[in-house]
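Here are some notes to read alongside the structure. Keep the viewer open and look up each residue as you go.

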Amino acid sequence: MLGLAVFASLCYLASAHKPPPFVRDLDCPKYTVLQSFPGYELRRYEMSQWVATRDLLRGYGALMNYRENKLVYKLFRYISGENTLGMKIPMIYPMLMTVYPEVGRNYEQSVMEMHFMIPHHMQPFPPAPTDPTVYITMLPPMDVYVKSLGGFANTRMNLRKSFTNTRMNLRKSFTDNRMNLRKVKELMKQINNRNLYHGDHFYKAGYDGTSSMNRHDNEVWLVAKN
């Protein structure tokens, strides 16, 4: 009986991989939900390959929007054909940004690394980037605490249009850095135990452009300590 109870508990905590409903039939990283809490959840992501680029800047705020957009453009050029095979690569969601805020001397700098996921069928052998500042990287299996940020844009746009539009549209379609930082702090408060997560960095996950409606479904992640 004890064994059956433990098995049933594990089945309840680790539900089968099911992408967020707003990505519809698009590809996305594979994960299982380990546990749900009021306002957030704990997920376990599988190991996966991503194309990435990074930047170091002073502070954390408006300037970050502009620099972040430059990183997005670099990765968009990679999936548009600026790779050793000259091939176009499908867009995978989320666009994932690793953020190390307030680092360096006097804690005046922030490090950000933008990631686009390599599609599952290309994971073993992705083409190399031709831009020397862009690289292929592996994200290890990890458990993350996730808090969602819902919202709606003011204008109808899809992802490709957002990349060819103004920086203002890019900001609308992906980033509100101050809001992200507030949500991270809210998530920390909800978890209410600093020993359960790594507090020196967080992830921003952007799913914008995946819905036919004007919805912006984004997330912030904190990596759990195992």
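1. Is Arg43 buried or exposed? Arg43 is buried, because its relative accessible area is 4%, and the cut-off for that word is under 20%. Please keep in mind throughout that this is a predicted model.

2. Now for the partner of this arginine. Glu41 and Arg43 form a salt bridge, with 2.6 Å between the closest N and O atoms. Glu41 has a relative accessibility of 19%, so Glu41 counts as buried too. You may like to find both side chains and look at how they face each other.

3. Next, the strand around Arg43. Strand S2 covers residues 40-45 and is mostly covered, with 5 of its 6 residues buried. Its antiparallel neighbour S1 (residues 31-37) is joined to S2 by 6 bridges. Within this pair, Arg43 is the bridge partner of Val33. The hairpin of S1 and S2 has 2 residues between the strands, and Gly39 there takes a positive phi near 90°.

4. Follow the sheet onward from S2. S2 also pairs with S7, again in the antiparallel sense, over 5 bridges. Here Tyr45 stands opposite Met142 in S7. S7 itself spans residues 142-149, and 6 bridges join S7 to S9, the two running antiparallel. In that pairing, Lys147 is opposite Val220 of S9.

5. Strand S9 deserves a paragraph of its own. How many of the 6 residues of S9 are buried? The count is 6 of the 6 for residues 218-223, so S9 is largely enclosed by the rest of the structure. Asn218, Val220 and Leu222 point one way from the strand, while Glu219, Trp221 and Val223 point the other way, and all are buried. S9 also pairs with strand S8 (residues 202-206), antiparallel and over 4 bridges. In this pair, Ala205 has Glu219 as its bridge partner.

6. Let us turn to the other salt bridges. The structure holds 5 salt bridges. One of them joins Glu82 and Arg77, with 3.9 Å from N to O. Glu82 has a relative accessible area of 37% and is therefore partly exposed. Arg77 counts as partly exposed as well, because its relative accessibility is 36%.

7. A further salt bridge links Lys183 with Glu186, whose closest N and O atoms are 3.5 Å apart. Both residues lie in helix H5 (residues 177-191), 3 residues apart, which is about one turn of the helix. Glu186 is partly exposed, because its relative accessible area is 35%. Elsewhere, salt bridges that share partners join Glu41, Arg43 and Glu219 into one network. You have already met Glu219 as a buried residue of S9.

8. What about empty space inside? The structure holds 4 cavities of 30 Å³ or more. The second largest cavity has a volume of about 50 Å³. Its lining includes Pro29, Glu46, Ser48, Trp50, Leu96, Leu139 and Pro140. Tyr45, Met142 and Trp221 are also among the lining residues, and Tyr45 and Met142 are the pair that stand opposite each other in S2 and S7.

9. Two places in the backbone are worth a look. Which peptide bond is cis? The bond from Tyr93 to Pro94 is cis, with omega near 5°, and Pro94 is found in the loop between helix H2 (62-79) and strand S4 (95-103). The other place is Asn192, which has a positive phi of about 60° although it is not a glycine. Asn192 sits in the loop between H5 and S8. With a relative accessibility of 65%, Asn192 counts as exposed.

10. Finally, step back to the whole chain. There are 5 helices and 9 strands. From the N terminus on, the order is α-β-β-β-α-β-β-β-β-α-α-α-β-β. Of the 226 residues in the chain, 47% are buried. Among contacts with a separation of 6 or more, 72% are between residues 24 or more positions apart. The accessible surface comes to about 12,300 Å², and 55% of that area belongs to carbon and sulfur atoms.

Note on methods
Residues are numbered from 1 along each chain as its sequence is written. This is a predicted model: local features need pLDDT of at least 70, side-chain atom pairs count only at pLDDT 80 or more; totals for chains, interfaces and linings use all residues. Side-chain values use heavy atoms; hydrogens and water are left out. Buried means under 20% relative accessible area, exposed over 50%, partly exposed in between (1.4 Å probe, protein chains only). Two strands pair if DSSP finds at least two bridges between them. Contact means heavy atoms within 4.5 Å. Accessible areas come from the Shrake-Rupley method with a 1.4 Å probe; for residues, only the protein chains shown count as cover. A salt bridge is a side-chain nitrogen of Lys or Arg within 4 Å of a carboxyl oxygen of Asp or Glu. On a 1 Å grid over the protein atoms alone, a cavity is a set of points where a 1.4 Å probe fits but cannot get out, and a pocket is an open set with protein on both sides within 12 Å along at least five of seven lines; lining residues have an atom within 4 Å of a point. Grid points are joined across faces, edges and corners, and a volume is the space filled by probe spheres set on the points.
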